[in-house]
Amino acid sequence: MKRGPGIKQDAGMVITERPKLLHAYIAASASEENRDRLSMKLAAALLCESENKPCGSCKNCRKISSRIHPDVIIVEREKDDKGAFKKELSVERIRAAVADFSVLPNEAARKVYLIADAGYMNVPAQNALLKMLEEPPAHAAVILCAGNAGFFLDTIRSRCVEITENDDAAPFDDEIEKYARQYLEIAASGDRPELLRCFAEAEKMSSAAAAEFAECVMFSVADILCARRADPGLGRKKLKDIAQLMKDAEKYLGSNVGVKNLFGMICARTMELK
């Protein structure tokens with residue numbers, strides 16, 4: 001498989017390359033930790049001064065590793081008055097980054113804009129970013145981090161190199177996969193009694209199993225959006241809404257919300273899908 005310029009392919013990772021894609025990348029993983037690792041390694045490779053990139057020892061690599069490089073700009077969602085991240089990465093935030101693209105780098109040959117919350121961009125924000133991807137300055141690169149590449153508009157994806165985890169690197173328990181598959185099929189059918197029965201059984205899961213369920217659903221949604229699996233009849237909008245619902249579920253679990261309450265929330269919001 002061909003690789004990006006100077007980018008090493010890790011074991012368990014897949015790099016999908018497309019024409020004229022030296023300035024825009026998608027680092028996709030259901031794990032936030034893996035997304036962070038992928039994106040920082042890619043940023044180091046883009047700015048590395050050595051032939052074998054990323055070398056880990058040149059000035060740029062060391063500064064990126066320490067997260068102090070002035071030419072690696074991290075774009076995140078804004079926070080509310082309570083210090084919690086807002087639901088979406090706003091179009092204003094993206095427009096501000098796009099306006100900064102024309103500014104030359106401070107130290108390196110190029111600047112890297114690492115959009116850590118790219119999976120939270122709404123359609124206006126993605127469209128605002130699209131102009132830069134269509135007419136990129138030579139001194140700038142963009143890395144979009146998300147749970148999976150299926151969250152992005154096709155016009156965004158077609159202009160990005162996708163770096164994702166191999167499906168084989170993240171197998172799921174058979175029982176969890178069964179619940180995830182049943183959930184998507186029931187959500188497509190709109191059968192509320194069946195949905196209630198499904199989650200009444202799922203409430204017996206541990207918190208770890210519930211987190212795996214949410215992750216498994218997200219992977220399944222990504223497969224459907226990327227046409228690797230048949231759509232049970234949900235459609236693109238519902239699939240994206242379900243992916244967002246699963247991301248919210250993971251956050252609730254991180255806040256020690258009980259499994260019964262969690263599945264009650266998922267059930268209620270699934271019934272509201274349109």
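**Notes on strand β5 and residue H69**

1. In β4, V112 stands opposite A141 of β5. A quick reminder as you look at this pair: the model is a predicted one. The two strands, β4 (residues 111-115) and β5, run parallel to each other and are joined by five bridges.

2. It is worth tracing how the chain gets from one strand to the other. After β4 it passes through helix α4 (residues 123-134) before entering β5, and the β-α-β crossover formed this way is right-handed.

3. β5 also has a partner in β2 (residues 24-28), again in the parallel sense and over five bridges. To find the register here, look at A28, which sits opposite A146 of β5.

4. How many of the residues of β5 are buried? For this strand, residues 140-146, the count is seven of seven. In a regular strand, side chains alternate between the two faces of the sheet. In β5, A140, V142, L144 and A146 point one way, while A141, I143 and C145 point the other, and all of them are buried.

5. Now please turn to H69, in the loop that links α2 (59-65) to β3 (72-75). Is this loop residue buried or exposed? H69 counts as buried because its relative accessibility is 5%, and the cut-off for that label is under 20%.

6. The surroundings of H69 deserve a look too. Its side chain makes a polar contact of 2.7 Å with the side chain of N60. Setting aside neighbours within four places in sequence, H69 touches L47, N60, K63, I64, E107 and A108.

Terms used:
Residues are numbered from 1 along each chain as its sequence is written. This is a predicted model: local features need pLDDT of at least 70, side-chain atom pairs count only at pLDDT 80 or more; totals for chains, interfaces and linings use all residues. Side-chain values use heavy atoms; hydrogens and water are left out. Helices (H or I, at least four residues) and strands (E, at least two) are DSSP runs, numbered from the N terminus. Buried means under 20% relative accessible area, exposed over 50%, partly exposed in between (1.4 Å probe, protein chains only). A polar contact is a pair of N or O atoms within 3.5 Å; within protein, one must be able to donate a hydrogen and the other to accept it, and residues adjacent in sequence count only if both atoms are side-chain atoms. Contact means heavy atoms within 4.5 Å. Two strands pair if DSSP finds at least two bridges between them. A crossover is right-handed if, with the strands pointing away from the viewer, the path from the first strand over the helix to the second runs clockwise.
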